[in-house]
Each structure stands twice: as structure tokens, then as C-alpha cells.
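User: Please take a close look at the surroundings of the bound ligands in this model. I should like a connected account that a first-year student can follow.

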Amino acid sequence: MKPLVDTFGRVATNLRISVTDRCNFRCRYCMPEEGMQWMNRKEILTFEEILRLAKIFIALGINKIRLTGGEPTLRKDLTQLIAMLSPLPGLKDLGMTTNGFFLKEFAGDFYRAGLRRINVSLDSLAPDRFAEMARREAYQKVMAGLDELAKYPIRPVKINTVIMKGFNDDEVLPLVEFARARDYQIRFIEFMPLDGEGVWSRDKVMTTGEILDSIRRKYDLIPKETRADHVPADTFRFVDGRGEVGFISSVSEPFCESCNRVRITADGHFRNCLFSLEETDLKTPLRTGASDAELAELIRAEVWRKWAGHQINLATFIKPERNMSQIGG
Ligand code: SAM
Ligand code: SF4
């Protein structure tokens, strides 16, 4: 089958599937403290529906799938979904992004079901600061989850960190050192205007350049990957050979021209960009008898109309209606 291509020649190979919009945290850069309206359970795709879509996407050339949310581990029987997806022929890579809270309980099950990549979000190593960022006293639980994860050969474990100026901007080096000591690859994700409270402002973004400067005051780094590899993170190696650090510079250096990602929301809407203002409803046709070929055509059309890039840095930027947790970051 022809690849999933857009009018700029980019090929979509990487699909993020949100399995729930719910979360047990309320990270400041993602969700409001109160007042989230959860999707109706009937609106959420079933595992069978996710499996059917995954097979169609793989037939269209998707070879990497990442489960996300909301908090994916809140989805009941997630292990079962992992076991359904992991053996799919053509799927090279099945991963998950999680806040780590339930890894203590489930890391082993996830591994045995076939999960081989995990990103754990961690924004602070100080329990009080962590609680301030996530608005939950969950630091010890996440650390216990990371310890549990270490028992399984899931490599590399990546740590996702969002630095907000005025909150955790003094933790760049401690987090880098934590990651180096534990053999994690830390990835700094620039704070994007997708938070539920609308608190984003440019002056709260610690940019990749600023983070790099503060790391380089202590460590020498050399670039590892370039965006030509379709990896949105620019990755650097520590010259002393100990570990790597990645950057997702969506605000300061957008990587839209090499973006290969597409997304399905928990309620079955297909998005060709994190920031897109339009989406294609796949759930309704899925539930009203559409054939695989018809679904594939809807997917193809949505990818085809992907825009050149997001508009964060333009005065005309319009924030999507959904926040990060509702899209699936
Ligand atoms: N709940 C899981 C977690 O926190 O890892 C998965 C979903 S979360 C939406 C996925 C990633 O998006 C996390 O690494 C989180 O730090 C990041 N994120 C959330 N809101 C963000 C924002 N406004 N800007 C940048 N990254 C954000
Ligand atoms: Fe929940 Fe993840 Fe959003 Fe934090 S970043 S509120 S853990 S979905």
C-alpha cells in the first residue's frame, strides 16, 4: 500500500494512541486543578476498536505506536491491550508514556505483555516541588515505580521533563545527574501552549538553548542525532560517555518539517498534528459499519491535509480546543 504522505512529502510512520483522557495527576502545564470534563465512557474506543484501527494504520505504513493519555495506566486492563498490539506484524516498536504512578504494580505485567519502551514523566526530584507541579503527593510512588521498572529489560527508559520558569528551572542539573546515574535518557520538552488553564506564556518556557547552556556549564555535550532521522528530539551525548540528553524544542525550534507523527484521541478522533484545529472522527464510521478500506481513505485524507507546521510563533496562533491530556501528548 502507498505510504501515508502529506502534500509536503512527509510520511507518517509514528502513531500515538490515547487510551484515556483521565489522569490521577493535575500537572500545572497540562491540566487545570479542577473542573476537567471527562469523556463519556461510551465515547472511549474499546480495545477491539483500537486493535482494528492499529491494524489499518500498520497496513498504511505506521511502524511505531505509543500509548498515552491522560494517564494510560488508569485504563482498566491496559495489559490486555498491550498484549493485543505487541505481536502485530509490521509494528516495530510499541511504547508508552506514563506518569509512573502505577509502574510499581504493573511494570512486570506490561513487560510480559510485550511493552519494550517506556517514557516516564518526572519534573522534580524534590518531593514538595513535585507535589506543587503535579498537585499530588506522588513522588515516592513514582520513584518506587522507576525502581520496579529497573527489574525488567525495558531499554532505554526515557525521562520526560517539562521545565517551567519560576517553578523547576533550578532542577535541570539535578535531573540530568539523576538520569546519568540511573542510565535513563532524559528529554526536556519545552512547555507548549496546550495547558488546560491557559497559563502558558513565552516567559514561562525554558528553551532548549537555555537548558543546554545550563548543562554545558558543567558537562561537555556532542550532538548525536539530527532531525533528518525524523526524531523530534535533538539528542546529545555526554563527552564522558555517560548517558544522553534529548530536547523537544517545539516552541523555540519547531521540527514540523520532519514530523512523522499522527494521533488518535481516546474518543477516536484522528489528528494529523498536536496543534491542529481540525480532526477526523474515525469512531462514528467505525461503529456504523465502515469497511477497513473506507477507514483507510479517511486516514489518508486527514494525513494529506496536514499543514506545513504549527503556528505557536505566529500572532495568529489559535490554541486547539483540547488540551494536552485530551489529545494525548
Ligand atoms: N500522563 C502521561 C505522562 O504524564 O507521561 C502521558 C500523557 S502526558 C499528556 C504526555 C507528555 O506530555 C508528558 O511527558 C508531559 O510532561 C507532556 N506535557 C503535558 N502538557 C504539556 C505541555 N503543555 N507542554 C509540554 N509538554 C507537556
Ligand atoms: Fe496527567 Fe500526564 Fe497531564 Fe500530568 S502530564 S496531568 S500526568 S496527563
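Analyst: The account below begins with the ligands and then turns to the aromatic residues and the backbone.

The model is predicted, so the distances and angles that follow are computed from a prediction.

Ligand 1 is a suitable starting point. Its shell holds 18 residues, and Tyr-29, Gly-70, Glu-71, Ser-121 and Met-192 come nearest. By class, the shell residues divide into seven nonpolar, nine polar and two charged. Two strands each supply at least two residues of this shell, namely strand 3 (93-98) and strand 5 (157-162).

Which atoms of Glu-71, Asn-160 and Met-192 lie close to nitrogen or oxygen atoms of ligand 1? For Glu-71, a polar side-chain atom lies 3.0 Å from a nitrogen atom of the ligand. For Asn-160, a polar side-chain atom lies 3.1 Å from an oxygen atom of ligand 1. For Met-192, the atom concerned is a backbone N or O atom, which lies 2.9 Å from a nitrogen atom of ligand 1. The protein covers 96% of the 540 Å² of accessible area that ligand 1 has on its own.

Ligand 2 has its own set of neighbours. The residues around ligand 2 are Cys-23, Phe-25, Cys-27, Tyr-29, Cys-30, Met-31, Gly-70, Asn-99 and Ser-325. Tyr-29 and Gly-70 therefore appear in this list and also among the residues that come nearest to ligand 1. By class, the shell around ligand 2 has six nonpolar and three polar residues, and no charged residues.

The cysteines in this shell deserve a closer look. Cys-27 counts as buried because its relative accessibility is 14%, under the cut-off of 20%. Cys-30 is likewise counted as buried, at 15% relative accessibility. A disulfide is a covalent bond between the sulfur atoms of two cysteines. The structure holds zero disulfides.

Phe-25, which is one of the residues around ligand 2, leads to the aromatic side chains. Together with Phe-101, Phe-102, Phe-106, Phe-110, Phe-130 and Tyr-139, Phe-25 forms one aromatic cluster. The structure as a whole holds 13 aromatic pairs. One of them joins Phe-102 and Phe-106: the ring centres are 6.4 Å apart and the planes stand at 55°, which is a tilted arrangement. Phe-102 has 22% relative accessibility and so counts as partly exposed. Phe-106, at 30%, also counts as partly exposed.

Another pair is formed by Phe-236 and Phe-247, and its arrangement is edge-to-face, with 5.7 Å from centre to centre and 80° between the planes. Phe-236 belongs to strand 8 (residues 233-238) and Phe-247 to strand 9 (residues 244-248), so this pair ties together parts that are 11 residues apart in sequence. Both of these phenylalanines are buried.

The backbone near strand 5 comes next. Where is Pro-156 found? Pro-156 is found in the loop between helix 5 (139-149) and strand 5, and strand 5 is one of the strands that supply residues to the shell around ligand 1. The peptide bond that joins Arg-155 and Pro-156 is cis, with omega of about -5°. Most residues other than glycine have a negative phi, and most peptide bonds are trans.

Some residues elsewhere have a positive phi. Asp-77 has a phi near 60° and is placed in the loop between strand 2 (64-68) and helix 2 (78-85). Because its relative accessibility is 42%, Asp-77 counts as partly exposed. Arg-135 has a phi near 55° and is found in the loop between helix 4 (127-134) and helix 5. Is Arg-135 buried or exposed? Its relative accessible area is 13%, so Arg-135 is buried. Asp-183, just after helix 6, takes a positive phi of about 65°. Helix 6 itself (residues 172-182) has Val-172, Leu-175, Val-176, Phe-178, Ala-179 and Arg-180 as its buried residues.

Finally, Gln-37 lies in the loop between strand 1 (14-18) and helix 1 (47-59). At 65% relative accessibility, Gln-37 counts as exposed. From C-alpha to C-alpha, Gln-37 and Pro-285 are 24 Å apart in space, and 248 residues separate them in sequence.

Key
Residues are numbered from 1 along each chain as its sequence is written. Chains are lettered from A and ligands numbered from 1 in the order in which they are written. This is a predicted model: local features need pLDDT of at least 70, side-chain atom pairs count only at pLDDT 80 or more; totals for chains, interfaces and linings use all residues. Side-chain values use heavy atoms; hydrogens and water are left out. A residue is near a molecule or strand if one of its heavy atoms lies within 4 Å of it. A polar contact is a pair of N or O atoms within 3.5 Å; within protein, one must be able to donate a hydrogen and the other to accept it, and residues adjacent in sequence count only if both atoms are side-chain atoms. Accessible areas come from the Shrake-Rupley method with a 1.4 Å probe; for residues, only the protein chains shown count as cover. Helices (H or I, at least four residues) and strands (E, at least two) are DSSP runs, numbered from the N terminus. Ala, Val, Leu, Ile, Met, Phe, Trp, Tyr, Cys and Pro count as nonpolar, Asp, Glu, Lys and Arg as charged, and the others, Gly among them, as polar. A disulfide is a pair of cysteine sulfur atoms within 2.5 Å. Buried means under 20% relative accessible area, exposed over 50%, partly exposed in between (1.4 Å probe, protein chains only). Rings of Phe, Tyr and Trp (its six-membered ring) pair if their centres lie within 6.5 Å; planes under 30 degrees apart count as stacked, over 60 as edge-to-face and the rest as tilted.
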